[in-house]
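Q: Please take a close look at a single part of this model, the interface of chain A and chain B. How many residue pairs are in polar contact there?

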Amino acid sequence: MEKVKKKIGSFSFWNWVTASIIFRLILIYFPKNLNLSSRPEVSTPLTSFRRLAEGYWLKQSFMSPYAGSMYHGSPLLLSLLGPLTINSLVSVIADVVSAMLIRATGQNLRLAYLRSLESLDLVKQIEVSEFLFSGDIAALIYLCNPFTIVACVGLSTSPIENMAVILCLYGACSRLIPLAAFGWVIATHLSLYPAILIIPVIFLLGCGPDSPPRKLFLQRHQQKEVLNQSKLPPRFSWGPVIHFAFWAFLWSVYVLVLCGISLKQFGGLWEMFKSTYGFILTVEDLSPNIGVLWYFFAEVFEFFRNFFLIVFHVNILFMILPLAIRLRHRPCYLAFVYVAICSMLKSYPSVGDSALYLGLLGWFVNELADMQFSLFLFCGYVGVSLLSPVMHNLWIWRGTGNANFYFATAMVYACLQIVLVVEGVSAMLNHDRKLRNLITGKPQDAKS
Amino acid sequence: MVLLQRPHILLLLIGTHQFLQCWIAFGSVNEEGQKQAEFSEELLLKPLPDHKLLAHFHFQSSGPPSTSNGCHHHLFPKAISQLVQKFRIKEMELSFTKGRWNYESWGGFDPLSSSNAKPPGVELWAVFDVPQHHIDASWKNLTHTLSGLFCASINFLESTATYSTPEWSFPPASGNVRYGTLPCEAVCTENLTPWLKLLPCRDKAGIALLLDRPSLYRGFYHSQQLHLTSTGSSSEGIDSGIILEQTLTVVLQPNSEMAIEVHASEKHIQPSWSLSSIFGKQVSGRCVLAKPSSVYLLLDRGLSAANGLTSENFWSNPSFELSANPDRIFLEESSSHSKSLSILYMFQVEKYCESEPFDIGLMWKVPVAWLCQQTPLHASRFLMGSGNERAAIAISLKSTQFTEGFMSANSKDGSCELRVDVFQVVPWYVKVYFHSLRVFVDQQPRAVSDIIEKIHVSPSKDKMSPGVMEVVLKLPCRVNTAALTIEFDKGFLRIDEYLPDANQGFDIPSAIISFPNFHASMVFLEDDSLNKSPLLSKFQEKCPVMSYTEVLLVPLTTPDFSMPYNVITITCTVFALYFGSVLNVLQRSVAEEERFLKAKAAKKTGRLPLLLSKLSAKLRGSGINQN
């Protein structure tokens, strides 16, 4: 991944965008059915379009879409996408919109980063001219990532879920509070996990996309013995956060009312919560996917099932606070780490989730330039994405393999994501440390 | 022990019999108009076209109204009447079947096959006379009781994932019906013994004496049924008691050695048989408690037509010879469907005794070939697709010779339609996509709304309820083939939900294909003495023609059953790795970090970017200064 990023910079951005769109269209209208929509990597019980079509059919025949254990998505998605189930152009459009939002956010982030360097008087020490346009790179990574393409062509709802997450981050970065609230509410409504993005969004709104730690700033200026109050980074401002909370409340009431109307005769909202969030939290469907929980809950003893359900979900929640404390001055990076952790530990992960955090990773090309193991990670991702379908085929279709082979690739994939998260966080902390050292260290040393 | 006990049982039986006869005589004088406990035993034998013989045992006990003599029963089995009273059963049918009814050669359009051809394994349905919210509780209790009564695993039908509530396509549908099947249940003699215990003479006397276990279970098809009808309902006050029908249908291959010896050259000749050659036993008189005790020999329409039997010459038949003289001969009332008529020979067992046991034999003289009357459409079901991820169920309907006749009869009016009801239950781990239902008529895909008149679907809920699909098809009469396909995903189960032999696969219960416009009935021209025979009066009832499809075996993917500990430990290790390393990165103190950076910078220089080399140079410098 890292190598790709560096190459792309010189190419024309728009050429790549058109190329990726055309490639998607070719795949969609490919004469032979690629059967991507039934791949376990693409369609989980939550994102499968086939299940959405079944839910739509049930609704058309005056039954609750949640009557069987088929559909577990949002009722709004059903009324929006139901009539278009054959048309996969929706996901292409969603992908392009997401890429554009990623680009805009990336440019925003870059400006904020430069501003913060300026305020710390580090512009001369770090060669800004070498900085890549991280927004363009992130957008291109998102658009050209095979994972994104597969999720888009394979008719799953994850492009739409990803778009909602990106919309939320974009809104928060560019201070469009209603938009951010809308994105957050929709993302949470579609798949429960983006709910924890509220913490980075609050930091984004309260402190801005990239504010150097206040302590660092004060340190810097104590050394210089001049305290310019006007240049001080703003304190945490509660105004936008309250504004956000208000809008989030408004949007969630709106979404719930809409859901309530569409499910009025089919058991109401409680039925919806039970078969969407309940289904996510209790891991009822044990069909194989690229995560590790399906096999775990297929094998674990019934007696311990509830215990492990709690353990695995709490694992996500436990990490929120420590990460928020250490990365609070970089809310976008915090959001990336949260998204990566969720896509690793969620009940029904798909490649669409990986596509999202790999795209967001592009924002931090400059900061993560000295990340370790990047080649290893790249090779690992390539290897797993080649091996996993092979093992699945051996197990399910040929009957010569065993569930353990497929599970092993899922395990390796989980480990790769762990390494990515750990190394990413560590590289970002190192980068911060480097900045601090540049400030506290001797400037003449740094210049030489 | 048995030999020692036998005289006692006989003595007891004779004693009971005499007492009962006195009592019945007494009762009939005193309580005229009130129904009495009655028992009848009948056996129907029917030669089948493919050199086999169908034997249908029919025992019927009718219990008196429960109010007439409290909880005392003379003939009626007490266990059954308690069952009916406790669970308020209106109607119930339980069948244990081994083998598959061959609709093509054994027929499907007569009362015998449409009510006695059952799906393999156990099938149970019951109609309850209780409020809606109590039905499920009653059903659960009933399954447990029956499981104990018949030594079978009927209690597996207790879970909501195994039984269903047919809305309208199941013939006895009346709202409170529950239907469940266990296709993989093995049926054996341990299920027959408790069934025989319900008979007043068990298998010690009468026709039931023929039920020799080795010869029964050697058969091609074996279906043992218990049908309960309770007309009593305490709320209405009209109480006519309980009718318990116990039937046993077997299809056997007669020992054809005799025929081969005689006509070695003739391969097409039907095997000759006698009761003693099939069952290895003879009937030594009737069960003394049975009112009508008779044996019938049925020659169906096709056979009598092939033999050239008509209403004139059926007394003297040239093609076969009976070893005993029939007491009566019944002719079927002429029907509109076909010109030829079925013939029924009746033998009364009462006339025979132990010294002169009853044994009927049939010796064919000339080869005969005929066809049984078939269902309007022959239904079969199969799986499509490969692999263990997804597949499709296809139900195909093929026209038979009957449809051709029907079509020619009805071709005058242009819009002739054939109504077919399909009732299909699938277990929850077969995740059916109902939107993928396709209809093909004469191999051409047709719009679902054109052919399907009515559809009712109740989708399956994981581990909660099975998927039920009820469809009414309106097919044109000239149809040759019709097919329904529906796709499904194969579910993945937890390791303890798999059956002991998981790689064998899972059974999808038979679909029921019924033809509500057709009724199978056989009405025999007879005087009022016919009313006494419950079997023949059952034949006269109009029962809808229905057929069961094959049971499908769906292989499901299995996880590795030996892995639970490995999977738990490995997964937990990965999670611990994640938790520990992320926390470690976040907590690492600054000094440690600097040391780490120094060490790293000392080690590599080449691949590091420019920035880092600058930084490390600076750090090294500062480190030296400190030292």
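A: Between chain A and chain B, 16 residue pairs are in polar contact, both residues being at pLDDT 80 or more. A polar contact is a pair of N or O atoms within 3.5 Å; within protein, one atom must be able to donate a hydrogen and the other to accept it, and residues adjacent in sequence count only if both atoms are side-chain atoms. This is a predicted model, in which local features need pLDDT of at least 70 and side-chain atom pairs count only at pLDDT 80 or more, while totals for chains, interfaces and linings use all residues. Residues are numbered from 1 along each chain as its sequence is written, chains are lettered from A and ligands numbered from 1 in the order in which they are written, and side-chain values use heavy atoms, with hydrogens and water left out.

The rule also finds four salt bridges across the interface of chain A and chain B, a salt bridge being a side-chain nitrogen of Lys or Arg within 4 Å of a carboxyl oxygen of Asp or Glu. Arg494(B) forms a salt bridge with Glu302(A), and their closest N and O atoms are 2.9 Å apart.

Several helices (DSSP runs of H or I, at least four residues, numbered from the N terminus) contribute to the side of chain A that touches chain B. Those that each supply at least two residues include α3 (49-60), α16 (305-326), α19 (374-398) and α20 (403-440) of chain A. The most comes from α20(A), which gives 17 residues. By class, this side of chain A has 42 nonpolar, 14 polar and 17 charged residues. Here Ala, Val, Leu, Ile, Met, Phe, Trp, Tyr, Cys and Pro count as nonpolar, Asp, Glu, Lys and Arg as charged, and the others, Gly among them, as polar.

Taken as a whole, the interface brings 73 residues of chain A into contact (heavy atoms within 4.5 Å) with 61 residues of chain B. The two chains bury about 6,300 Å² between them, and carbon and sulfur atoms give 64% of this area. Buried area is the accessible area (1.4 Å probe) that two parts lose on being put together, summed over both. Within chain A, the residues that lose the most area to chain B are Arg50(A), Glu299(A) and Trp397(A), which together make up 11% of what that side buries.
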